[in-house]
Amino acid sequence: ETYEVTLVRKPKSGDVGIALGKAGGKGQGIKIGDVVPGEAAAQSGEMKPEDWLLAVEGQSVDGMSAQQAAGLLEGPAGTPVTLKGQHGDQGETYEVTLIRRPKLYDGDVGVALAPVLTPGGKAGGKRQGIKIGDVVPGDAAAASGVVVPEDWLLAV
């Protein structure tokens, strides 16, 4: 069954300049994959790649997907956000308050896309299409009540 839905992009918002990696096991949070040079997280001097993000504004990210946690990091540009992190797997924990900077691109609609490969894997596979990998709670796609993970994206 196909459907058509119109989603309204979020207004331009701010972020703190970290790329989140995969979620850890219970109690670990989400691995910080990269810290963007020149952005708020890098300028703090505290957050490093391979650290763990444990909480955003006091809300634990344990059990969340990276997309869900990324949604917590976003907010109006120029506003503060407090993050709790941990250096490495057994390192000390820290809290840092960062000021969100304007993103360089327009707002999104709250979905994570997942390219689908034909049999043969990454080396021999070809993109067969795009599936919705995750829907961010509270964003336009979730609010539509129609778009769900594993749906195929046919046109934009």
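A residue counts as buried when its relative accessible area is under 20%, as exposed when that area is over 50%, and as partly exposed in between. With that in hand, let us start with one residue of this predicted model. At 34% relative accessibility, Ala19 falls between those two limits, so it counts as partly exposed.

Where does Ala19 lie? Its place is in strand β2, which covers residues 18-23. Leaving aside neighbours within four places in sequence, Ala19 is in contact with Lys31, Ile32, Gly33 and Asp34. You can also look across to Pro49: Ala19 and Pro49 are 30 residues apart in sequence, and from C-alpha to C-alpha they are 8.8 Å apart in space.

Now step back and view the whole chain. It has four helices and eleven strands. Of its 156 residues, 33% are buried. The chain exposes about 9,200 Å², and 53% of this area comes from carbon and sulfur atoms. Folding also brings remote stretches of sequence into contact: among the contacts in the chain with a separation of 6 or more, 52% are between residues 24 or more positions apart.

Some of the strands can be followed as they pair. Strand β6 (residues 80-86) is a good one to trace. With strand β4 (residues 52-56), β6 pairs in the antiparallel sense over four bridges. Within this pairing, Trp52 has Gln86 in β6 as its bridge partner. Strand β6 is also joined to strand β7 (residues 93-99), by seven bridges, and these two run antiparallel as well. Here Pro80 stands opposite Ile99 in β7. Together β6 and β7 form a hairpin with six residues between them. In the turn of this hairpin you will find Gly88, which has a positive phi of about 60 degrees.

Next, let us go inside. In soluble globular proteins, nonpolar side chains tend to be buried together. The largest nonpolar core of this model holds 20 residues, and those touching the most other members are Ile18, Met47, Leu83 and Leu98. Two or more residues of this core come from each of β3 (30-35), α1 (40-44), β4, α2 (66-73), β6 and β7. Leu98 makes a good example of how many partners one side chain can have. Apart from neighbours within four places in sequence, Leu98 is in contact with Val16, Ala40, Ala41, Ser44, Met47, Thr79, Pro80, Val81 and Leu83.

Helix α2 shows how a helix can be buried on one side. Which residues of α2 are buried? They are Ala66, Ala69 and Leu73. Seen down the axis of α2, these buried residues fall within an arc of 65 degrees, so they line one face of the helix. The spacing fits a general rule. An α-helix has 3.6 residues a turn, so residues three or four places apart point the same way.

Finally, let us turn to charged residues. Side chains of opposite charge can pair when their charged atoms come close. How many salt bridges does the structure hold? There are three. One of them joins Glu50 to Lys31, with the closest N and O atoms 3.7 Å apart. Glu50 lies in the loop between α1 and β4 and Lys31 in strand β3, so the pair ties together parts that are 19 residues apart in sequence. Glu50 is also a residue to check for its backbone: its phi is near 80 degrees, a positive value in a residue other than glycine.

Lys31 has another partner, Asp89, and their closest N and O atoms are 3.6 Å apart. This pair links distant parts of the chain, with Lys31 in strand β3 and Asp89 in the loop between β6 and β7, 58 residues apart. Lys31, Glu50 and Asp89 are thus linked in a network of salt bridges. Are these residues buried or exposed? At 17% relative accessibility, Lys31 is under the 20% limit and so counts as buried. Glu50 is partly exposed at 46%, and Asp89 is partly exposed with a relative accessible area of 46%.

In another salt bridge, the side chains of Lys131 and Glu150 meet at 3.2 Å, N to O. Lys131 lies in strand β10 (residues 127-135) and Glu150 in the loop between α4 and β11, 19 residues apart. Glu150 has a positive phi of about 80 degrees, although it is not a glycine.

Definitions and conventions
Residues numbered from 1 in each chain as written. Predicted model: local features only at pLDDT ≥ 70, side-chain atom pairs only at ≥ 80, totals over all residues. Heavy atoms only, no water. Buried < 20%, exposed > 50% of the residue type's maximum accessible area, 1.4 Å probe, protein only. Contact = heavy atoms within 4.5 Å. Pairing = 2+ DSSP bridges. Areas by Shrake-Rupley, 256 points an atom, 1.4 Å probe, with all protein chains shown as cover. Core = buried A, V, L, I, M, F, W, Y, C linked by side-chain atoms within 4.5 Å. Arc of directions from axis to C-beta. Salt bridge = Lys/Arg side-chain N within 4 Å of Asp/Glu carboxyl O.
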